[in-house]
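Today I opened a new structure and wanted to look up two things, its open space and the packing of a pair of helices.

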Amino acid sequence: MIDLEKIPEHVAIIMDGNGRWAQNRNLPRMAGHNAGMMAMKEIIKAASALGIKHLTVYAFSTENWKRSSEEVSGIFKLLIIYVEKELNELHKNNVKVRILGHYDRLPKEAVKSLERSLATTKDNTGMQFNIALNYGGRDEILRSVKNLAMKVEQGSLKADEITEGDIADNLYTSGIPDPDLLIRTSGEMRLSNYLLWQSAYSEFVFSDVLWPDFTKEEFEKAIEVFQNRKRRFGGR
Ligand code: IPE
Ligand code: IPE
Ligand code: MG
């Protein structure tokens, strides 16, 4: 049973296994991404119903450009379809959308519909749904370091006085608490460049289920596992 008093504030997910899901069914990879979108819809609903404040999903990494151009453009097309179809529902549920990553490198159409989702939901006060898109943890840290170096160059910041807070404030996630729980599906046990700085003390839960098969019940199971963990943050 989930303890409603101990709901994680921030859950981050690596939605992995769409390709294998499709392969298992002799379907094209895009069918897997499509089914993955459906799973994401359900998890957003479930997370918001549980009172989770931040749900962050890894939708496209800085390394995913290595895939075929067909798959890459297919994923972005799907994203546009998702936003067009779901924006009303998200808005109705008071969800606020935020993008983490250098998303203006995406095709113009995708950028346009994403920006519409940001504008529409900007004053919403319910769950924040963070989409990591063209996101890479190292890229994000590099960008933060460059911002700070620029300030040092301009004389508004002393190198010696840079704090962890300064680095965090210049990440895409500025203002978002670190993830309490990080879930990865499909049996892979690695971070793949996701939230490197932010996951310093996250609890990791790995599920063998492929992302398109990840249901509300699987999600709730992961939260239960989290609730039975003992977090120490280096203390005793
Ligand atoms: C995750 O599923 C979705 C994205 C990376 C966009 P994959 O496409 O990585 O699925 P597998 O790992 O090949 O099964
Ligand atoms: C991580 O999954 C990226 C997303 C889920 C968007 P990958 O499938 O790209 O990661 P690797 O290649 O297995 O490490
Ligand atoms: Mg994968």
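My entries on the pocket and on the helix pair follow.

**Ground rules.** I am working with a predicted model, in which local features need pLDDT of at least 70 and side-chain atom pairs count only at pLDDT 80 or more, while totals for chains, interfaces and linings use all residues. Residues are numbered from 1 along each chain as its sequence is written, chains are lettered from A and ligands numbered from 1 in the order in which they are written, and side-chain values use heavy atoms, with hydrogens and water left out.

**Pocket.** I looked up the largest pocket (on a 1 Å grid over the protein atoms alone, an open set of points where a 1.4 Å probe fits, with protein on both sides within 12 Å along at least five of seven lines), and its volume, the space filled by probe spheres set on the points, is about 620 Å³. I noted 27 lining residues (those with an atom within 4 Å of a point), and Met15, Asp16, Ala59, Asn64 and Arg67 lie nearest the centre. Of the elements, α2 gives the largest share of this lining, five residues.

**Helix pair.** I then turned to α2 and α7 (residues 216-227), whose axes, lines fitted to C-alpha atoms over the stretch in contact, come within 9 Å and cross at roughly 45°. That makes α2 oblique to α7, since oblique covers angles that are not under 35, over 145 or 65 to 115 degrees. For the contact (heavy atoms within 4.5 Å), I listed Ile43, Ala46, Ala47 and Leu50 of α2 and Lys216, Phe219, Glu220 and Ile223 of α7.

Key:
Helix = DSSP H or I, 4+ residues; strand = E, 2+ residues; numbered from the N terminus. Axes fitted to C-alpha atoms, helices over the stretch in contact; angles between N-to-C directions.
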